[in-house]
Amino acid sequence: MEMHWPEVLEFCQHTTAELALFLATKFAKVVADRKQDGSLVTEADQWTDQELRLRLSQRFPTHGLLTEETSHIFPANDWCWVIDPIDGTTNFTRGIPIWGISLGLLYRGTPVFGFVHFPLLQQSFWGYWFQGSGLTGPTGAYLNGEPIHVSTDQPSSNHLFNLCARSMAIMVKPFPCKFRLMGVASYNILLVAAGTALGGAEKTPKIWDIAGAWPILRAAGGSFLFLGSGSIFPLQVGRDYGHYPVPCLTASQPALLEQFRPLVMPILESPPPESQLRNEVAKIEAEQTFSQP
């Protein structure tokens with residue numbers, strides 16, 4: 001079944017812009033509670049989650065939903081939205097303007113469209129990645145309507161590599177780039193897509209942290225490596241993804257995955273075998289070659 005992609009994009013643009021008006025009034029003014037996994041949640045997260053679920057159900061009634069604050073079970077629907085109502089809740093509560101609303105649209109368990117809006121930065125990222133899905137439609141990755149692409153540079157002391165706070169163990173070793181900690185998993189990935197950073201590592205993101213940014217990165221020419229037990233896509237129907245972290249590495253080029261990977265492995269207790277890396281990199285290189293015009 002094909003999707004009417006202009007409608008999808010218009011919905012994401014209009015809805016996130018509307019919700020952002022309310023969220024701006026709550027920025028740095030709400031009290032956060034700590035969830036069992038250690039992450040924070042506020043009334044603003046819960047309100048945004050509820051609004052997104054309501055509006056998505058009304059506009060796309062046959063689509064499933066998986067959200068950070070409500071349902072973590074992946075449904076049997078061919079199409080499913082994965083929602084992070086506020087990616088960067090700690091930043092949101094502490095008055096740091098880097099936080100966003102993340103929407104990923106999955107087809108049969110794999111993200112094919114992503115939209116992530118950062119209201120206070122006035123940045124909206126979106127992208128389409130249909131490789132292997134059998135779908136057709138728009139191509140490319142965009143920031144505020146302008147095409148974006150990953151960098152072709154090689155690492156140096158003047159290039160950037162993004163980390164999450166839980167990945168800081170790798171900072172004790174020499175690294176070919178400068179580190180940046182944004183506090184937002186999706187933004188770490190999107191900075192690679194936009195060519196700002198050459199790579200990034202995340203130790204404990206959940207599926208809602210990456211579902212929106214993943215297709216944008218891939219559409220921009222970037223590479224993505226799950227550091228655990230191989231790719232989690234397609235997601236499994238009926239599985240609870242609420243307690244399923246997906247440590248990952250992003251890079252602007254497949255070759256940089258091989259360079260960065262041994263340097264970031266300290267974030268894992270049990271690294272996967274080297275053969276898995278070779279297989280994953282070979283797959284990514286084949287996909288990148290296949291997607292070239």
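Helices, of at least four residues, and strands, of at least two, are DSSP runs numbered from the N terminus. On that basis this predicted model holds eight helices and 14 strands.

**Exercise 1. The protein as a whole**

Task: State what percentage of the residues count as buried, and what percentage of the contacts between residues at least 6 apart in sequence join residues at least 24 apart.

Solution: The cut-off for burial is a relative accessible area under 20%. Of the 293 residues of the protein, 55% count as buried. For the second part, contacts between residues at least 6 apart in sequence are considered, and 63% of these join residues at least 24 apart.

**Exercise 2. Helix α1**

Task: Determine what span is expected for helix α1 (residues 5-26), and compare the expected span with the distance between the end C-alpha atoms. Then locate the kink and describe what the buried residues pack against.

Solution: The expected span is 1.5 Å times one less than the number of residues. Helix α1 has 22 residues and should therefore span 32 Å; its end C-alpha atoms are 32 Å apart, in agreement with the expectation. A kink of about 30° is nevertheless present in α1, centred on A20.

The next step is to list the buried positions of the helix: W5, V8, L9, F11, C12, T15, T16, L19, A20 and L23. A20, the centre of the kink, is one of them. The buried residues pack against α2, β4 (79-87), α3 (89-94), β5 (100-107), β6 (110-118) and β7 (123-128). Just after the helix, A28 takes a positive phi of about 65°.

**Exercise 3. The sheet of seven strands**

Task: Give the strand order of the open sheet of seven strands, identify which strands stand at its edges, and place helices α1 and α2 relative to the sheet.

Solution: The order is β3-β4-β5-β6-β7-β8-β9, and the pairing is mixed. β3 (64-67) and β9 (146-147) are the edge strands; each has a single partner strand, so one side of each lacks a neighbour in the sheet.

Within the sheet, β4 and β5 pair in the antiparallel sense over seven bridges, and D87 stands opposite G100 in β5. As for the helices, α1 lies across β4, β5, β6 and β7, running at about 35° to β6. Helix α2 also packs on the sheet, where it touches β3, β4 and β5, and its direction makes about 155° with that of β4.

**Exercise 4. Helix α2 and D49**

Task: Examine how the N-terminal end of α2 is capped, then establish whether D49 is buried or exposed and which side chains make polar contacts with the D49 side chain.

Solution: Helix α2 (residues 43-59) has 17 residues, so a span of 24 Å is expected at 1.5 Å a residue; the end C-alpha atoms are 24 Å apart, which agrees. T42 caps the N-terminal end, with a side-chain oxygen 3.1 Å from the backbone nitrogen of A44.

D49 is found in this helix. Its relative accessibility is 1%, and D49 therefore counts as buried. A44, D45, T48, E51, L52 and L56 are also among the buried residues of α2. The side chain of D49 makes polar contacts with the side chains of T67 (2.8 Å) and T70 (2.4 Å). Leaving out residues up to four places away in sequence, D49 touches T67, E68, E69, T70 and P85.

**Exercise 5. P215**

Task: Determine which residues P215 is in contact with, leaving aside neighbours within four places in sequence.

Solution: P215 is found in helix α6 (residues 213-219) and is buried, with a relative accessible area of 0%. The contacts of P215 are with P111, V112, F113, G114, G127, Y128 and W129. W129 lies 86 residues away along the chain, yet the C-alpha atoms of P215 and W129 are separated by 5.2 Å.

**Exercise 6. The sheet of five strands**

Task: Describe the order and edges of the open sheet of five strands, and state which strands helix α7 touches.

Solution: The order is β11-β10-β12-β14-β13, with mixed pairing. The edge strands, β11 (178-181) and β13 (223-226), each pair on one side only. Direction ignored, neighbouring strands of this sheet are turned by 20° against each other on average.

Strands β12 (residues 199-202) and β14 (residues 248-251) pair in the antiparallel sense over four bridges, with E202 opposite C248 in β14. Helix α7 (residues 254-264) packs on the sheet and touches β10 (160-163), β12, β13 and β14; the direction of α7 makes about 140° with that of β14.

Terms used. Residues are numbered from 1 along each chain as its sequence is written. This is a predicted model: local features need pLDDT of at least 70, side-chain atom pairs count only at pLDDT 80 or more; totals for chains, interfaces and linings use all residues. Side-chain values use heavy atoms; hydrogens and water are left out. Buried means under 20% relative accessible area, exposed over 50%, partly exposed in between (1.4 Å probe, protein chains only). A polar contact is a pair of N or O atoms within 3.5 Å; within protein, one must be able to donate a hydrogen and the other to accept it, and residues adjacent in sequence count only if both atoms are side-chain atoms. The bend at a residue is the angle between axes fitted to the seven residues ending there and the seven starting there. Contact means heavy atoms within 4.5 Å. Two strands pair if DSSP finds at least two bridges between them. Axes are lines fitted to C-alpha atoms, for helices over the stretch in contact, and angles run from 0 to 180 degrees between N-to-C directions.
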